[in-house]
Amino acid sequence: MKRKLPFELSKEQSFYEALSDWIGDVFYDILPDKGFDLRDEQVFMAFQLNKAYKEKQVMFAEAGVGTGKTLVYLLYALSYARYTGKPAIIACADETLIEQLVKKDGDIEKLEKALELNIDVRLAKSREQYLCIKKLEEKLSFNEGFHDIWEGLPEFVHENNSMNKFTHYGDRKEYAHLPDEEWNEIGWDSLQDCMSCVYRHRCGQTLHREHYRKSADLIVCSHDFYMEHIWTKDSRKREGQLPLLPEASSVVFDEGHLLEFASQKAMTYRMRMETLESLLEKLSASDMRESTLYQIEDIMMANERWFTLLEQEAWAESGTARQYITRSADILKQGRQLTESIESLLNELVFESEMYVMDEYLLKVVEEYLEQIQYSLKLFLEDEKGIYWLEATEEEHTFVVMPRLVEEILSTKVFSQNIPFIFSSATLSYNSDFSYVAKSLGIREFEKFSVDSPYDYGEMMKMFIADHLPGDEAKFQYAIDQIAENEGKSLLLFSSKEEMDSFRSYLNKESDQEWKVIFEGDKEISHTVEEFQHDHSSVLCSYHLWEGLDVPGDALSQVVIVSLPFPPKDPVFDAKRNHAGDPAGEVDIPYMLLRTRQGIGRLIRTNEDRGKVHILLNEEDTAFKQVLQTILPVEAEKMKV
């Protein structure tokens with residue numbers, strides 16, 4: 001349903017002229033009257049976006065902290081949505097950023113109150129953010145706590161009759177007490193076949209999908225979810241399903257420099273040894289022909305040999321779970337044999353389905369999973385088309401493969417659409433050059449602008465670089481000393497989960513802590529951030545919140561960057577390095593500097609904020625001290641250690 005524009009449109013004016021006039025009134029008159037600061041940087045950004053919307057361009061809008069860039073893109077996205085009759089999609093880097101937009105007294109609510117608007121904004125969370133009833137049901141015998149969750153589901157979930165009414169349920173936030181490890185046991189994952197699921201029409205995420213698709217103004221989602229929508233849109237249409245998201249009037253990528261990683265994740269195929277074994281064992285218990293049973297046995301043996309060979313020859317660098325796979329003759333031979341065995345079984349299952357003696361749901365799940373494995377193996381066997389690695393733990397063995405040319409897919413499937421795409425972030429360029437982000441996303445033509453933060457960082461922030469630290473324990477002790485001096489109120493940023501866990505172990509040796517330490521992953525992320533924000537003597541340790549965290553005031557007055565955030569040494573980034581003329585200059589250093597700038601930006605969020613940033617360098621990273629100085633908002637002091 002098309003809603004009324006937030007301004008009057010006369011016959012003498014075009015939409016874009018009227019929009020420009022209204023934007024001017026908003027920033028020069030209406031918002032200042034409501035207590036908002038008038039910022040030249042915000043006004044400049046506003047009129048740059050007018051051109052992007054009028055000409056349906058890709059726009060890189062690099063705006064520093066405090067410029068009010070969110071209000072600017074919300075005004076344009078809302079107005080254009082009402083003009084076209086299609087909702088705008090605001091895609092955020094993660095769930096934390098989504099919360100900043102939609103929370104009570106967040107940016108959207110502030111805009112509604114200031115302009116006396118009723119904005120129809122609805123959340124479209126990633127599927128991993130929803131409970132999977134089928135997985136929960138299967139896990140009931142393994143965890144007593146899951147029984148409470150099962151019993152707490154709405155009554156209509158357990159009923160077989162038609163639903164006269166339903167309520168939304170199953171959001172990750174409703175189970176904030178669960179650590180990520182437990183949530184992963186019962187949350188949706190990519191191996192679930194929702195199309196054939198018996199709970200499909202009672203599923204929390206399915207019901208919520210019907211809700212957000214009807215938004216008239218804004219749909220807020222994560223980068224991950226938007227890219228999953230793009231990647232699955234055609235296949236869902238072929239299967240008679242609606243795409244995950246409706247057709248959009250425009251798309252805004254908040255923290256747009258991170259879109260590439262969401263693209264890679266969406267286009268990734270995962271083949272788990274244990275999942276295939278489990279599915280085939282269930283299938284073999286069905287009533288089927290003897291020839292089909294022999295084919296199942298052949299695949300199970302071929303699958304086991306395949307993963308045994310992968311594990312024997314795989315190797316990994318520290319700091320990443322991704323293990324390199326050697327394309328040896330034995331592995332290639334076994335991969336081809338497994339592919340041929342799968343093809344034979346798929347042919348057998350065609351005959352089995354025509355006999356109508358097998359469970360239709362199970363048969364469909366197995367067929368789709370086998371076809372996914374076939375595609376994964378094809379990408380691996382045709383070396384130039386795939387990036388691949390092994391993830392192995394004691395419980396699980398997963399072969400992972402993704403297309404190498406992600407930028408070509410994005411160029412074709414995303415940026416070929418004739419709609420405005422706005423990238424908003426404080427860190428989109430490297431030395432005022434936007435080509436690093438543009439090239440990684442397959443964007444050939446774009447407009448750009450940069451506006452600096454209005455904050456006087458020289459008065460608000462002190463920066464320290466502690467260099468030549470002899471090892472992790474020296475870094476950890478330095479961080480602990482700074483936390484004690486600051487009486488908590490600190491954010492510690494780590495380059496990986498493994499590094500954060502090492503700090504946790506080191507910290508546990510200390511018995512005289514006077515502050516509460518909160519670790520990412522121990523609870524649902526928005527609950528974790530809220531806990532940190534309200535406990536003004538606490539410390540938050542994170543490896544993801546380099547961007548998106550917005551904690552103004554006394555709760556956060558110190559940021560400690562424990563390690564420089566270089567991209568990991570793993571198959572995905574090696575593929576980028578292998579296609580670069582200067583891998584360090586084109587891949588590693590730009591990535592590290594962009595992420596470091598984001599980490600520093602967590603400190604100063606309002607005019608009243610004050611604090612310190614510490615960057616810790618070991619002997620090896622001290623070599624990057626000079627290039628670091630080029631992106632720091634204030635001159636760093638050397639800290640004595």
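**Notes on the cavities, a pocket and a helix pair**

1. Start with α12: 6 of its 8 residues are buried, so this helix is largely enclosed by the rest of the structure. The buried ones are L259, E260, A262, S263, Q264 and A266. Bear in mind that this is a predicted model.

2. α12 turns up again when you look for enclosed space. The structure has 2 cavities of 30 Å³ or more, and the largest holds about 90 Å³. At least two lining residues of that largest cavity come from each of α12 (259–266), α18 (435–440) and α24 (583–600).

3. If you want to click through the wall of the largest cavity, the residues are H257, L258, E260, F261, Y436, V437, S440, Y591, L594 and R595. By class, that lining splits into 6 nonpolar, 2 polar and 2 charged residues. E260 is worth a look, being on the lining list and also among the buried residues of α12.

4. The second largest cavity comes in at about 40 Å³. Which helix gives the most to its lining? That would be α10 (residues 204–212), with 4 residues. The full lining reads A124, K125, R127, Y130, Q205, H208, R209, Y212 and F225. Sorted by class, there are 4 nonpolar, 2 polar and 3 charged residues around this second cavity.

5. Now to a helix pair. Helix α1 (residues 15–33) and helix α3 (residues 69–84) have axes that come within 12 Å and cross at roughly 145°. The crossing of α1 past α3 is right-handed.

6. What do the two helices bring to that contact? From α1 you get F15, Y16, L19, W22, I23, V26 and F27, and they meet V72, L75, Y76, S79, Y80 and Y83 of α3. The class count for this contact is 12 nonpolar and 1 polar, with no charged residues.

7. Finally, the open space. The second largest pocket has a volume of about 990 Å³. It is lined by 38 residues, and those closest to the pocket centre are G68, D107, K110, D550 and R605. The helices α1 and α3 are back here: together with α4 (95–102) and α5 (107–115), they are the elements that give two or more residues to the lining of this pocket.

8. One last tally, for the second largest pocket: its lining has 13 nonpolar, 13 polar and 12 charged residues. Set beside that, the α1–α3 contact has no charged residues, although both helices also supply lining residues to the pocket.

Technical notes
Residues numbered from 1 in each chain as written. Predicted model: local features only at pLDDT ≥ 70, side-chain atom pairs only at ≥ 80, totals over all residues. Heavy atoms only, no water. 1 Å grid on protein atoms, 1.4 Å probe; cavity = no way out; pocket = protein on both sides within 12 Å on 5 of 7 lines; lining within 4 Å. Points joined across faces, edges and corners; volume = space filled by probe spheres on them. Nonpolar A, V, L, I, M, F, W, Y, C, P; charged D, E, K, R; others polar. Axes fitted to C-alpha atoms, helices over the stretch in contact; angles between N-to-C directions. Left-handed = near helix turned anticlockwise from the far one by under 90°. Contact = heavy atoms within 4.5 Å. Buried < 20%, exposed > 50% of the residue type's maximum accessible area, 1.4 Å probe, protein only.
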